[in-house]
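User: I would like to learn how to read a fold from its strands, helices and side-chain contacts. Could you take me through one structure, a feature at a time?

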Amino acid sequence: MATVEVVTTRPPRTRAVPLLAEPDLGHYPGFRSFLSTTFGLDEDPLGAPGLLAVDGRVYELVFVGRSGRPFPSGVEVNALVEGLEPLDEQAADTDLWAILRWLVAGVGGEWTDDALSTTGRIYRIPAAGERA
């Protein structure tokens with residue numbers, strides 16, 4: 001069971017490895033609202049990326065703005081990997097799924113962990129069977 005937590009310090013000597021890009025958060029305003037509240041985007045929309053730690057591994061959330069759309073209009077999730085070390089793809093996949101579970105739990109409403117798990121099974125995502 002992975003633990004996801006918001007952190008404030010980016011680890012030194014890391015590089016960003018792209019994992020997921022969601023270009024349109026507008027399909028459900030709850031996602032935008034949850035991310036804005038969690039990372040203080042209303043107060044500082046041009047601040048540093050949001051940081052999440054999953055069992056000690058750190059990920060950054062880069063918030064994307066587009067003209068004529070509320071901010072953030074999209075989000076990109078990057079793994080922060082030390083130096084030139086290779087990305088542990090299995091851990092990153094499992095952690096990304098934990099981040100999605102964290103996001104769904106934070107948004108709530110019609111978004112449920114069971115619905116997310118069902119979607120993961122339909123698309124045969126290996127980490128979908130693991131509970132946070």
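User: How many bridges join strand 4 to strand 5, and in which direction do the two strands run?

Analyst: One reads a strand pair by its bridges and by the relative direction of the two strands. In this predicted model, strand 4 (residues 57-64) and strand 5 (residues 74-82) are antiparallel and are joined by six bridges. Within that pairing, Leu61 has Val77 of strand 5 as its bridge partner.

User: What is the order of the strands in the sheet?

Analyst: The order follows from the pairings, read from one side of the sheet to the other. Here the five strands form an open sheet in the order 1-3-4-5-2, and the pairing is antiparallel. Strand 1 (4-7) and strand 2 (14-22) stand at the edges with a single partner strand each, so one side of each has no neighbour in the sheet. From one strand to the next, the twist averages 30°.

User: Which strands does helix 1 touch, and which does helix 2 touch?

Analyst: For a helix that packs on a sheet, one asks which strands are touched and at what angle the helix runs. Helix 1 (residues 29-39) packs on the sheet with contacts to strand 1, strand 3 (50-54), strand 4 and strand 5, and its direction makes about 115° with that of strand 4. Helix 2 (residues 89-107) also packs on the sheet, touching strand 1, strand 2, strand 3, strand 4 and strand 5, and its direction makes about 55° with that of strand 4.

User: Why is strand 3 described as largely enclosed?

Analyst: The relevant quantity is the relative accessible area, and a residue under 20% is called buried. Five of the five residues of strand 3 are buried, so the strand is largely enclosed by the rest of the structure. Both of its faces are covered, with Gly50, Leu52 and Val54 buried on one side and Leu51 and Ala53 buried on the other.

User: How is strand 3 joined to strand 1 and to strand 4?

Analyst: Each pairing is read separately. Strand 1 and strand 3 run antiparallel and are joined by four bridges, with Leu52 of strand 3 as the bridge partner of Val6. Strand 3 and strand 4 also run antiparallel, joined by five bridges, and here Val54 stands opposite Arg57 of strand 4. The hairpin of strand 3 and strand 4 has two residues between the strands, and in this hairpin Asp55 takes a positive phi near 50°.

User: How many salt bridges does the structure hold, and which parts of the chain do they link?

Analyst: For each salt bridge one can read the closest N and O atoms, the places of the two residues in the chain, and their accessibility. The structure holds three salt bridges.

In one of them, Arg10 pairs with Glu60, and the closest N and O atoms are 2.7 Å apart. This pair links distant parts of the chain, since Arg10 is in the loop between strand 1 and strand 2 while Glu60 is in strand 4, 50 residues apart. Arg10 is partly exposed at 36% relative accessibility, whereas Glu60 is buried at 6%.

Another salt bridge joins Asp95 and Arg57, with the closest N and O atoms 2.5 Å apart. Asp95 is in helix 2 and Arg57 in strand 4, 38 residues apart, so this pair also links distant parts of the chain. Asp95 is buried at 1% relative accessibility, and Arg57 is partly exposed at 35%.

In a further salt bridge, the side chains of Arg101 and Asp113 meet at 2.2 Å, N to O. Arg101 in helix 2 and Asp113 in helix 3 are 12 residues apart, and the pair links distant parts of the chain. Arg101 is buried, with a relative accessible area of 5%, while Asp113 is partly exposed at 28%.

User: Is Gly120 buried or exposed, and which residues does Gly120 touch?

Analyst: Accessibility and contacts are best read together. Gly120 lies in helix 3 and is buried at 0% relative accessibility. Not counting residues up to four places away in sequence, Gly120 touches Trp97, Ile125 and Ala128. Gly120 and Trp97 are 23 residues apart in sequence, and their C-alpha atoms are 9.0 Å apart in space.

User: Which residues make the nonpolar surface patch?

Analyst: Here one looks for nonpolar residues at the surface. Ile122, Tyr123 and Ile125 make a nonpolar surface patch of about 350 Å². Ile125 is placed in the segment after helix 3 (113-122) and is partly exposed, with a relative accessible area of 34%.

Conventions. Residues numbered from 1 in each chain as written. Predicted model: local features only at pLDDT ≥ 70, side-chain atom pairs only at ≥ 80, totals over all residues. Heavy atoms only, no water. Patch = residues over 30% accessible without salt bridge, like charges linked within 9 Å, V, L, I, M, F, W, Y side chains within 5 Å. Areas by Shrake-Rupley, 256 points an atom, 1.4 Å probe, with all protein chains shown as cover. Salt bridge = Lys/Arg side-chain N within 4 Å of Asp/Glu carboxyl O. Buried < 20%, exposed > 50% of the residue type's maximum accessible area, 1.4 Å probe, protein only. Pairing = 2+ DSSP bridges. Axes fitted to C-alpha atoms, helices over the stretch in contact; angles between N-to-C directions. Contact = heavy atoms within 4.5 Å.
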